[in-house]
Each structure stands twice: as C-alpha cells, then as structure tokens.
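Me: Please take a close look at a single part of this model, the salt bridge and the helix around it. I would like one connected account of what surrounds that pair.

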Amino acid sequence: TYLSGVFYSITRFTEGAPAWVQFALQVNPAHVYIELTRDILMESYTVEGNLWGWGVGWALVPIWFAFIIFWRNEEKYGRG
C-alpha cells in the first residue's frame, strides 16, 4: 500500500474534518509543490490560481530567514 501524499488527494481524507485542518493541509508546502508539479507536467490537470501564490510565498520564506540570519551575524563573519 502506498502511503505517500503523491498518490492520494487531501480531500479524500479530510471529509468531515474541521475547516482549519483542511486549510492547513492545502497550504502545506509539500502539497503545494506536488500540485504545482502536476499542473506543469500533466495537460489534463489544473490547479487553482491561488496555489501559485502559495508556491511563491513558500519559496520566499527561506530567503527571508536566510537574510535575517545573515544580517544578525554579519559582524562575526571573517573575524575568525
């Protein structure tokens, strides 16, 4: 049995779950990028437009964290 999220739809398992659970699973970065990859590779598969926004947002989060970490520690760099 495959247990990977690649093979199963979130809506299949969240029927009757609270709305916040469904939302949290829908905006999960792994789900977002799997859905976007399906959209790119499969002609018959389309995703909602807001999913592209979540994809861009999740891509910017690590860049923002890296900037903050670098900025806070820049005085230590190169000082041995």
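Reply: Arg38 and Glu35 lie three residues apart in helix H3, and they are therefore separated by about one helical turn. In this predicted model, the side chains of these two residues meet in a salt bridge, with a distance of 2.7 Å from N to O, and the structure holds one salt bridge. Arg38 and Glu35 are both buried, that is, each has under 20% relative accessible area.

Glu35 also takes part in the packing of its helix, since it is listed with Pro29, Val32, Tyr33, Leu36, Asp39 and Ile40 on the H3 side of a contact whose H4 side is formed by Leu51, Trp52, Trp54, Gly55, Trp58 and Ala59. Sorted by character, the residues of this contact between H3 and H4 comprise 10 nonpolar, one polar and two charged. Helix H3 spans residues 29–41 and helix H4 spans residues 49–73, and the two pack at an angle of about 125° with their axes 9 Å apart; H3 and H4 are therefore oblique to each other, and their crossing is left-handed.

A further residue to consider alongside Glu35 is Ser9, which is placed in the segment before helix H1 (10–13). Although Ser9 and Glu35 are 26 residues apart along the chain, their C-alpha atoms are separated by 9.9 Å. Ser9 is partly exposed, with a relative accessible area of 37%, whereas Glu35, like its partner Arg38, is buried.

Notes. Residues numbered from 1 in each chain as written. Predicted model: local features only at pLDDT ≥ 70, side-chain atom pairs only at ≥ 80, totals over all residues. Heavy atoms only, no water. Axes fitted to C-alpha atoms, helices over the stretch in contact; angles between N-to-C directions. Helix = DSSP H or I, 4+ residues; strand = E, 2+ residues; numbered from the N terminus. Parallel < 35°, antiparallel > 145°, perpendicular 65-115°, else oblique. Left-handed = near helix turned anticlockwise from the far one by under 90°. Contact = heavy atoms within 4.5 Å. Nonpolar A, V, L, I, M, F, W, Y, C, P; charged D, E, K, R; others polar. Salt bridge = Lys/Arg side-chain N within 4 Å of Asp/Glu carboxyl O. Buried < 20%, exposed > 50% of the residue type's maximum accessible area, 1.4 Å probe, protein only.
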